[in-house]
Amino acid sequence: MPYRRLPNTDLSRIKALRTAIEKASSINFQEIAISMKTLSSAKSVVDKFERLYNKHQLTFDTQVKANIAFQSKVKSARMYISHFIQVLYMSVARSEIKLEHLELYDLQDSNLIVPDLNSNEQLLQWGEKIINGENKRVAQGGVPIYNPSIAKVNVMYALFKENYHTQQIHQKATARTLNEVSEFRNEVDSIIFDIWEEVEKFNAELPANERLDKNREYGLIYYYRKGETIE
């Protein structure tokens, strides 16, 4: 015999509930295979679950779109910070900037190697160190580095930092709405299970072919094992 399986995606959960509700609303009261209590619960649950699902989709889509713009800011900030550090190292190598001044940038142990800037957090950390270090050195009478200037680096870093925090907000909103959906799934699955149990019980005396067809009208989904056919 085929076996049924509860929906495993949120859209299929919504579809299962909508199918049962629409079927019940299209036939005479006496012919409905679902109790009024279960039907009322299904209507209430599907409306709330669909709202939560759509809210999550909206926050997720917003995060994805914002991330596209954010990645361009990441690329620019990484390029400018890395380039500035390389120019700084070349100035040290040419004795235009004293080696001990690298301490102002927290680069005294760097061995003239650009630090790892691959993660956003590393970029945040080193961007701040480089900008503060250059400002301190210049304030002490040092000649500013140009091409790129620290002002240009600061602009790119500020844009990155602003977008980074915005993206963090989007990620938290997406996680929050996903959690709301996840917490409600058990209740949704419970209602679907009750519907399917009631429908199968209501049609239990029908011949196999007719019984399965009638059950499917309420959204029940059946699966056949390999090589299995209905008798």
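## Close-up views of a long-helix protein model

Buried residues, meaning those under 20% relative accessible area (exposed is over 50%, partly exposed in between, with a 1.4 Å probe and protein chains only as cover), make up 37% of the 231 residues in the protein chain. This is a predicted model, in which local features need pLDDT of at least 70 and side-chain atom pairs count only at pLDDT 80 or more, while totals for chains, interfaces and linings use all residues. Residues are numbered from 1 along each chain as its sequence is written, and side-chain values use heavy atoms, with hydrogens and water left out.

**View 1. The whole chain, from end to end.** Five helices and two strands make up the secondary structure here; helices (H or I, at least four residues) and strands (E, at least two) are DSSP runs, numbered from the N terminus. Follow the sequence and you meet the pattern β-α-α-α-α-α-β. The radius of gyration is 31 Å, well over the 17 Å that the globule rule gives for 231 residues, so the chain is more spread out than a compact globule. That radius is taken over C-alpha atoms, and the globule rule is 2.2 Å times the number of residues to the power 0.38. Along its principal axes, the C-alpha trace spans about 95 × 40 × 20 Å. Contact means heavy atoms within 4.5 Å, and among contacts between residues at least 6 apart in sequence, 73% join residues at least 24 apart. The chain exposes about 13,800 Å², with carbon and sulfur atoms supplying 52% of it; the areas come from the Shrake-Rupley method with a 1.4 Å probe, and for residues only the protein chains shown count as cover.

**View 2. Helix H2 and its bend.** H2 runs over residues 36–93. Its 58 residues reach 83 Å from first C-alpha to last, close to the 86 Å expected at 1.5 Å a residue; that expected span is 1.5 Å times one less than the number of residues. Look for Ile68, where H2 bends by about 25 degrees. A bend is the angle between axes fitted to the seven residues ending at a residue and the seven starting there. Ser72 also sits in H2 and is partly exposed, at 36% relative accessibility. Its C-alpha is separated by 8.7 Å from that of Phe160, although Ser72 and Phe160 are 88 residues apart along the chain.

**View 3. The end of H2.** Ser91 belongs to H2 and is buried, with a relative accessible area of 7%. Setting aside neighbours within four places in sequence, Ser91 is in contact with Glu96 and Ile97. After H2 comes Ser95, which has a positive phi, near 65 degrees.

**View 4. Helix H4 and the largest nonpolar core.** H4 covers residues 150–202, and its 53 residues reach 76 Å from first C-alpha to last, close to the expected 78 Å. At Arg185, H4 bends by about 35 degrees. A nonpolar core is a set of buried Ala, Val, Leu, Ile, Met, Phe, Trp, Tyr and Cys residues joined through side-chain atoms within 4.5 Å. In the largest one, with 28 residues, Leu17, Ile34, Val188, Ile195, Val199 and Tyr218 touch the most other members. Helix H1 (10–25), H2 and H4 each supply at least two residues of this core, and the largest share, eight residues, comes from H4. Beyond its neighbours within four places in sequence, Val188 is in contact with Arg13, Leu17, Val45 and Phe49. There is also a second, separate core of 26 residues, which includes Val87, Leu88, Tyr105 and Ile145.

**View 5. The loop between H2 and H3.** Asp106 is found in this loop with a phi near 65 degrees, a positive value in a residue other than glycine. Asp106 is partly exposed, with a relative accessible area of 35%. Leu112 lies in the loop too, and its phi is positive at about 60 degrees although it is not a glycine. At 40% relative accessibility, Leu112 counts as partly exposed. Asp116, another resident of the loop, is partly exposed, with a relative accessible area of 42%. Not counting residues up to four places away in sequence, Asp116 touches Gln122 and Trp126.

**View 6. A cis peptide bond ahead of H4.** Asn147 and Pro148 are joined by a cis peptide bond, with omega at about 5 degrees. You'll find Pro148 in the loop between helix H3 (120–139) and H4.
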